[in-house]
Amino acid sequence: MYIPGMYIYGLRKNESMKYKLIRSKRRTLCLEIRNATLVVRAPFLYPEFKIDQFVKTKEKWILKHIKKVKKQFQKKPNEIYLDGKKYSFEIVFSEKESVKIAGSRIIVMAKNRECVEEQIKNYFKLKTKERIEVLLGRYADVIGRNYDNQIIYKFYKSKWGSCSARNSLSFNAALSMAPPEIVEYVFIHEIVHIKVKNHGRDFWQRVSRIDPDYKTHRHWLSQNRDMLKI
Ligand SMILES: [Zn+2]
């Protein structure tokens, strides 16, 4: 008898490998490693012995990934920031790739460990781009038309943003990890550089007119560099 829901079975041939079985309206079997636990998704009427067989054939892959997840958790604290808010961080090895937020968790679904990093980086780059695009609209009158429309987003090691001599703007793709007022300060800093290229008195006066709390925000950045590392 198959009732939809979650079951935990031990494997017949390999007592040490257990998995969570989730039955649903799907057509094929699928394996995931969630927090170092194996999850098998199966169609409602798929026979148990066939699932066991399938898991057995994938044993190498499963053990390799469980080991990797365990290592990952030992190496990095299990948390990450978005918009200055702390999220716990969950890796799911799956054929389907995505990054999603569920409450206070960020769930990264990826094929393998190399893809995990790529997924996270793409996600934060996209979020940073979204945040900057909102600011481009908000400060359109300050910016004027005097900048290069192609904005660059990269994971720089030591800068949050820059404005070139030709007024092309670039921002650190990890910026969306910081609180919104910090992202806004970095943005303001760079757009003021469109008019003033140095960090002289005139520059800071212009910055403070737009962001009166700029000193606090600058200080925050100098204190939280590590938090924004991916
Ligand atoms: Zn500057």
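Is the crossing of α5 and α6 left-handed or right-handed? The crossing of these two helices, α5 and α6, is right-handed, and the points below set that crossing beside the other features of what is a predicted model.

1. On the chain as a whole, the secondary structure comes to 7 helices and 11 strands. Of its 230 residues, 21% count as buried. Among the contacts between residues at least 6 apart in sequence, 44% join residues that are at least 24 apart.

2. On the helix pair, the axes of α5, which covers residues 180-195, and of α6, which covers residues 201-210, come within 10 Å and cross at roughly 135 degrees. The two helices, α5 and α6, are therefore oblique to each other, and their crossing, as stated at the outset, is right-handed. On the side of α5 the contact is made by Ile188, His189 and Val192, while α6 contributes Phe203, Arg206, Val207 and Ile210. Sorted by class, the residues in this contact of α5 with α6 are 5 nonpolar, 1 polar and 1 charged.

3. On the sheet that α5 also touches, 3 strands form an open arrangement in the order β9-β11-β10, and the pairing is mixed. The edge strands are β9, residues 148-154, and β10, residues 161-163, each of which pairs on one side only. Neighbouring strands of this sheet are turned against each other by 15 degrees on average, with direction ignored. Within the sheet, β9 and β11, the latter spanning residues 168-172, pair in the parallel sense over 4 bridges, and Ile152 stands opposite Ser170 in β11.

4. Which strands of this sheet does helix α3 touch? Helix α3, residues 113-138, packs on the sheet and touches β9 and β11, with a direction that makes about 145 degrees with that of β9. Helix α5 packs on the sheet as well, touching β10 and β11, and the direction of α5 makes about 10 degrees with that of β10.

5. On the pairings of β6, this strand, residues 85-93, pairs with β3 in the antiparallel sense over 2 bridges, and in that pairing Ile33 stands opposite Phe93 of β6. Strand β8, residues 105-110, runs parallel to β6 and is joined to it by 6 bridges. Here Phe93 stands opposite Ala110 in β8, so placing Phe93 opposite a residue in one strand and, as already noted, opposite Ile33 as well is a matter of reading both pairings together. Put more plainly, Phe93 stands opposite Ile33 and also opposite Ala110 in β8.

6. On the hairpin, β5, residues 79-82, and β6 pair in the antiparallel sense over 4 bridges, and the bridge partner of Tyr81 in β6 is Lys86. The hairpin of β5 and β6 has 2 residues between the strands, and in it Asp83 takes a positive phi near 55 degrees.

7. On Lys25, is this residue buried or exposed? Lys25 lies in the loop between β2, residues 18-24, and β3, residues 30-34. Lys25 counts as exposed because 7 other C-beta atoms lie within 10 Å, where the cut-off for exposure is 12 or fewer. The C-alpha atoms of Lys25 and Pro43 are separated by 5.7 Å, although the two residues are 18 apart along the chain.

Technical notes:
Residues are numbered from 1 along each chain as its sequence is written. This is a predicted model: local features need pLDDT of at least 70, side-chain atom pairs count only at pLDDT 80 or more; totals for chains, interfaces and linings use all residues. A residue is buried if 20 or more other C-beta atoms lie within 10 Å of its own, exposed if 12 or fewer, and partly exposed in between; C-beta atoms are placed from the backbone. Two residues are in contact if their C-beta atoms, placed from the backbone, lie within 7 Å. Axes are lines fitted to C-alpha atoms, for helices over the stretch in contact, and angles run from 0 to 180 degrees between N-to-C directions. Angles under 35 degrees count as roughly parallel, over 145 as roughly antiparallel, 65 to 115 as roughly perpendicular and the rest as oblique. A crossing is left-handed if the near helix is turned anticlockwise from the far one by less than a right angle, and right-handed if clockwise. Ala, Val, Leu, Ile, Met, Phe, Trp, Tyr, Cys and Pro count as nonpolar, Asp, Glu, Lys and Arg as charged, and the others, Gly among them, as polar. Two strands pair if DSSP finds at least two bridges between them.
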